[in-house]
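Let us walk through a protein structure step by step, starting from its strands and ending at its surface. Keep the sequence and the model side by side as you read.

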Amino acid sequence: MGFDLVTMGRVSVDVYPLQVGVRLEDVETFGKYLGGSSTNVAVAAARHGWDTAVITRTGDDPFGRFIHRALRGYGVDDRFVTVVRELPTPVVFCEIFPPDDFPLYFYRYPKAPDMEIRADELDLDAIRAATIFWATVTGLSDEPSRSATLTGLEAHAGTTVLDLDYRPMLWPSPEEARHWVDKALDHVTVVVGNQEECAVAVGDDDARRAAAALRERGVRLAIVKQGPKGVLAADDDGVVEAPPVPVDVVNGLGAGDA
């Protein structure tokens with residue numbers, strides 16, 4: 001029997017200030033956490049009791065060892081997390097200015113190990129056997145990860161999810177991202193993204209029109225995250241909107257993945 005969920009893509013060590021409302025240059029102490037959109041999704045599913053695994057790569061360094069330990073601690077299978085010896089594990093810093101300002105600083109230089117996922121190293125049998133295969137647009141931003149992402153999506157005949165996960169600093173232009181998203185849409189059944197990411201994918205940030213455009217491309221289920229307005233979903237049965245649950249926001253990072 002296969003995994004309930006296999007995700008593939010970005011991983012990082014997220015370094016968050018332990019002081020709220022303070023610029024990074026003035027922060028005195030930080031906390032270290034597991035991060036990366038595909039990794040967050042695998043962790044969330046595992047916490048709901050699903051059998052999950054993540055396909056990604058790290059550096060051969062203490063942060064890479066931390067990622068393995070954190071994944072296992074959350075109940076995520078780490079057998080497909082491999083090392084790229086010549087590259088450091090990515091680190092992401094953020095600033096925390098509730099309720100809606102959380103600037104991110106990505107340290108993925110000279111290249112992130114998760115961009116070195118290779119198609120010929122994928123366990124395609126595990127991908128095919130999974131109930132759901134989940135990939136990200138960040139994985140399409142560079143080779144060889146781009147070819148590996150498309151190979152994984154094409155290999156899976158069931159529910160395939162594309163997380164739009166657009167990070168402008170990782171792409172030369174929105175147009176380049178749209179080109180590769182369009183290629184990936186040939187192989188996915190579900191798309192999830194916020195309104196800004198939908199604008200990159202289909203040229204429209206209106207939730208209903210963006211969902212309709214994704215559906216016209218053959219996607220069975222289009223999910224558009226609308227922030228304070230909640231979430232819109234469109235499938236063969238129509239369009240539904242779910243309102244948000246009011247909370248006191250401390251740090252919104254990862255909320256969309258959750």
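Two strands are said to pair if DSSP finds at least two bridges between them. With that in mind, and remembering that this is a predicted model, we can begin with strand 1, which covers residues 5–8. Strand 1 and strand 4 (residues 52–59) run parallel and are joined by four bridges, and strand 1 also pairs in the parallel sense with strand 9 (residues 132–136), again over four bridges. Met8 illustrates both pairings, since its bridge partner in strand 4 is Ile55, while its bridge partner in strand 9 is Ala135.

In a regular strand the side chains alternate between the two faces of the sheet. Is strand 1 covered or open on its two faces? Both faces are covered, with Leu5 and Thr7 buried on one side and Val6 and Met8 buried on the other.

From here we can turn to the interior. In soluble globular proteins, nonpolar side chains tend to be buried together. In this model the largest nonpolar core has 42 residues, and Ile55, the partner of Met8, belongs to the group with the most contacts inside that core, together with Phe133, Leu162, Leu164, Trp171, Leu185 and Val191. A second core, separate from the largest one, consists of 15 residues, among them Val11, Leu34, Phe66 and Val76. To see the surroundings of one member of the largest core, consider Trp171: apart from its neighbours within four places in sequence, Trp171 is in contact with Val137, Leu140, Ser141, Tyr166, Glu176, Ala177 and Trp180.

Helix 1 (residues 37–47) deserves a look of its own. Why is this helix described as largely enclosed by the rest of the structure? The reason is that eight of its eleven residues are buried, and these are Ser37, Ser38, Thr39, Val41, Ala42, Val43, Ala45 and Ala46. After helix 1 comes Gly49, which has a positive phi, near 95°.

Charged side chains add another kind of link, and a search of the whole structure finds 19 salt bridges. In one of them, the side chains of Arg57 and Glu121 meet at 3.8 Å, N to O. Arg57 lies in strand 4 and Glu121 in the loop between strand 8 and helix 3 (124–129), so this pair ties together parts that are 64 residues apart in sequence. Arg57 has a relative accessibility of 11% and therefore counts as buried.

Asp78 and Arg72 form another salt bridge, with a distance of 2.7 Å, N to O, and Asp78 is buried as well, because its relative accessible area is 15%. Asp142, by contrast, is partly exposed, with a relative accessible area of 34%, and its side chain meets that of Lys111 in a salt bridge of 4.0 Å, N to O. Because Asp142 lies in the loop between strand 9 and helix 4 (145–155) and Lys111 in the loop between strand 8 and helix 3, this pair ties together parts that are 31 residues apart in sequence. Salt bridges can also share partners, and in this way Arg10, Asp165, Arg167 and Glu197 are joined into one network.

Finally, we come to the surface. Tyr105, Tyr107 and Tyr109 make a nonpolar surface patch of about 370 Å². One of these residues, Tyr105, lies in strand 8 (residues 104–107), and with a relative accessibility of 33% Tyr105 counts as partly exposed.

Note on methods: Residues are numbered from 1 along each chain as its sequence is written. This is a predicted model: local features need pLDDT of at least 70, side-chain atom pairs count only at pLDDT 80 or more; totals for chains, interfaces and linings use all residues. Side-chain values use heavy atoms; hydrogens and water are left out. Patches are made of residues with over 30% relative accessible area and no salt bridge: like charges are joined within 9 Å, nonpolar side chains (Val, Leu, Ile, Met, Phe, Trp, Tyr) within 5 Å. Accessible areas come from the Shrake-Rupley method with a 1.4 Å probe; for residues, only the protein chains shown count as cover. Buried means under 20% relative accessible area, exposed over 50%, partly exposed in between (1.4 Å probe, protein chains only). A nonpolar core is a set of buried Ala, Val, Leu, Ile, Met, Phe, Trp, Tyr and Cys residues joined through side-chain atoms within 4.5 Å. Contact means heavy atoms within 4.5 Å.
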